[in-house]
Structures are given as structure tokens and as C-alpha cells.
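Reader: I am new to this structure and would be grateful for a guided introduction. May I put some questions in turn?

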Amino acid sequence: MSKRVLFLAALGAVILIAVAGYAWWQWTHPGLPDGFVETNGRLEAEQVQVAAKTSGRVMEVLAEEGDFVRAGAVLARMDTRDVEAQFLQAKAQLQSANRAKEEAVANVAQREAQRILYRRQFTRVSKLNKSGYASNDQLDQTRAQLDAGEAGYNAAVASVSQADAAIEAAAATVQQIQTVLDDAILVAPRSGRVQYKLIQPGEVVGAGTAILTLLDVTDVYMTVFLPAKVAGGMRMGDDARLVLDPAPQYVVPAKVTFVAADAQFTPKSVETADEREKLMFRVKLNVDPDLLKRYETVVKTGVRGVAYVRYKQGVDWPATLAVKLPDEPR
């Protein structure tokens with residue numbers, strides 16, 4: 001058998017498969033009733049930048065591109081050896097401030113005892129002076145002792161307040177450095193899939209430099225472009241259905257969460273039924289977060305598909321677009 005005959009046979013088989021696939025699609029989707037619109041799009045997700053809060057050297061990056069990570073998982077660590085030394089010094093200063101307060105409190109007790117003693121001596125000498133048994137010099141001397149005791153007591157009380165202030169300042173420094181140490185451990189702010197690993201261990205980065213890019217799989221949506229006659233009748237929360245190219249046997253429910261206030265030119269990559277209408281409205285169709293949570297480990301972005309939007313109220317969905325989901329992953 002010649003190569004030409006084999007080629008024609010293979011081409012015929014491909015054509016038959018394509019015709020059969022088209023016939024199946026037409027049979028399962030015979031046409032949308034009035035109040036529905038069909039358009040193309042692809043799944044997207046909000047991107048989250050996991051960035052270094054302070055400048056420094058990246059010690060390790062624990063996640064790789066494509067990894068699915070849970071919220072709170074450690075993704076990277078910064079080099080904190082210098083900060084750890086500062087932290088030990090700050091803790092030592094806090095301990096010193098605590099000891100200084102203990103000494104100040106003990107000094108207050110001592111000064112209080114002296115003040116009580118001087119007050120009693122002054123009272124006795126004052127009575128003796130009135131009776132003529134003590135001289136004015138003795139009275140002046142005891143009064144001076146009492147004044148010195150009062151001053152010493154007040155100074156001791158003030159030193160306790162100063163010690164409290166020193167403790168607060170040292171504790172604030174410890175807390176500040178602890179925050180820096182905590183920020184040096186980069187964790188996933190939410191569950192998602194690592195899209196890009198931007199920095200390698202050992203690199204020195206500045207404050208705010210992104211280390212990883214995370215796709216938030218709890219906020220997945222499809223952006224589509226619809227003509228004004230459709231977008232004008234839509235409301236927030238209107239139902240939509242998504243049929244994805246890799247799994248056309250499933251129908252995923254979605255909601256209209258955004259309709260652009262201003263029209264814009266249709267991007268070249270978006271095909272519409274009416275090629276003559278050049279100004280289209282951007283519409284965002286979000287998948288329910290609770291549904292995404294159930295399938296979070298298998299959710300992928302960039303997948304293309306067809307979106308069906310209901311823009312008229314009171315119209316029932318066709319049976320072919322009834323919600324149909326795969327079994328939940330274990």
C-alpha cells in the first residue's frame with residue numbers, strides 16, 4: 001500500500017472523528033434558549049506575592065513551582081543570624097531592667113523604714129523641746145533628718161517609675177526584634193499553588209522583593225467579554241455555567257461578580273458570536289469559594305473553556321447545562 005493511500009486513509013479517519021465529535025456536541029447542546037449567551041474564556045486566579053518584609057539574604061526556599069501549599073505553611077526563611085544576636089542583647093537588657101526594678105523596690109522599703117524612724121524621732125524631740133528638755137538645735141537636727149528621709153523616699157519611689165519605664169522600653173525592643181524574626185519566616189497567607197519561584201537560596205534581596213508567586217485557588221474566575229445588549233441586562237449574582245475544554249462532561253456553576261462600567265475593545269484572543277460589535281463589556285464569573293475548597297487540590301488555572309451566562313430572569317437552564325461535578329478528590 002502506497003504512502004499516499006495511507007495518508008488519505010488517516011486523513012479520512014481524522015475527519016470522521018471530528019465530524020462525530022461535532023455531531024455529539026450538537027446533540028448534547030442543541031442550542032441555547034432566549035436569555036442565555038455563550039462565550040469563551042479561561043480560568044484565572046488571584047495572584048499573591050510572598051515577599052520579604054526586610055532586606056537580607058534568603059537562607060532557604062522550601063516550595064517549588066507547582067506545589068500546592070496550605071495556608072500557614074512555611075515557604076521560605078531569611079538569614080537572621082545578625083538579628084538573633086540583637087535579640088539576645090535585647091533580652092539581656094530586659095533582664096537587667098527587671099533586676100534594677102527589684103533593687104529600686106527594695107530601696108523604697110529601706111527609705112520608708114528610715115522615714116518612719118526619722119518621723120518618730122522628730123515627734124519625740126518636738127515634744128521634749130516644748131517641755132524644755134530638748135534644745136532648738138536638736139529639734140532642727142531631727143527636722144533636717146526627717147526632710148532628708150522624705151527626699152530619699154521620694155527619690156526611691158521615682159527610681160521605681162524609671163525602672164518601669166526602662167522595662168517597658170526593653171520589652172518593646174524585644175517585641176520589635178521578635179517581629180523581625182517572625183517576618184523572616186515567610187508563610188503562605190492562604191492555600192494555593194506556587195506559580196513562580198523567583199528567588200534562589202543565597203540571594204540577597206531588598207525589602208518587598210517577591211520570593212514566590214502563589215495562586216489563590218479559593219478565588220478562581222473566568223473573564224469573558226459580552227456585548228452591551230447582554231451586559232446591560234445582567235445583575236450581580238446572576239447564574240453562569242462553565243464547561244472546560246479538558247473535561248467537557250462536567251458543568252461547573254459560577255456567579256456574575258463584576259460587570260465593567262465602561263465598554264472596551266474586544267481582545268483579539270476572544271471570539272464572539274457578533275463580530276460586527278467591536279465594543280464589549282468585561283464580565284467576571286467567579287466559582288463558588290466553598291466549591292473550590294472541596295476541589296482545591298485539583299484546581300488549575302489557565303484552562304480554557306466555554307461560559308454560559310443567563311442574563312434574563314425567570315428562564316430555566318437547559319437540561320444539558322445542569323450542574324455536574326466530578327467525585328471529590330480524597
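The exchange below concerns strand pairing, nonpolar cores and charges over rings in this predicted model.

Reader: Which strand gives the most residues to the largest nonpolar core?

Author: This core has 28 residues, of which L226, M234, L242, L285 and V309 touch the most other members. The elements giving two or more residues to this core include β1 (36–51), β8, β10 (247–259) and β13 (304–310). With six residues, the element that gives the most is β8.

Reader: How many residues are in the other core, with V58 and A63?

Author: This core lies apart from the largest one. Its members include V58, A63, I211 and L212. The number of its residues is 19.

Reader: In which sense do β6 and β8 pair, and what is the bridge partner of K197?

Author: Strand β6 covers residues 192–197, and strand β8 covers residues 210–226. The two pair over five bridges, in the antiparallel sense. Within β8, the bridge partner of K197 is L212.

Reader: Which residue in β6 stands opposite F68?

Author: Strand β3 (residues 68–69) pairs with β6 in the antiparallel sense, over two bridges. The residue in β6 that F68 stands opposite is R193.

Reader: Over which ring does the charged end of R241 sit?

Author: A charge counts as sitting over a ring if, among other criteria, CZ of Arg is within 6 Å of the ring centre. For R241 the distance from the centre is 4.4 Å. The ring in question is that of W317.

Conventions: Residues are numbered from 1 along each chain as its sequence is written. This is a predicted model: local features need pLDDT of at least 70, side-chain atom pairs count only at pLDDT 80 or more; totals for chains, interfaces and linings use all residues. Side-chain values use heavy atoms; hydrogens and water are left out. A charge sits over a ring if NZ of Lys or CZ of Arg is within 6 Å of the ring centre and within 35 degrees of the ring normal. Two strands pair if DSSP finds at least two bridges between them. Helices (H or I, at least four residues) and strands (E, at least two) are DSSP runs, numbered from the N terminus. A nonpolar core is a set of buried Ala, Val, Leu, Ile, Met, Phe, Trp, Tyr and Cys residues joined through side-chain atoms within 4.5 Å. Buried means under 20% relative accessible area, exposed over 50%, partly exposed in between (1.4 Å probe, protein chains only).
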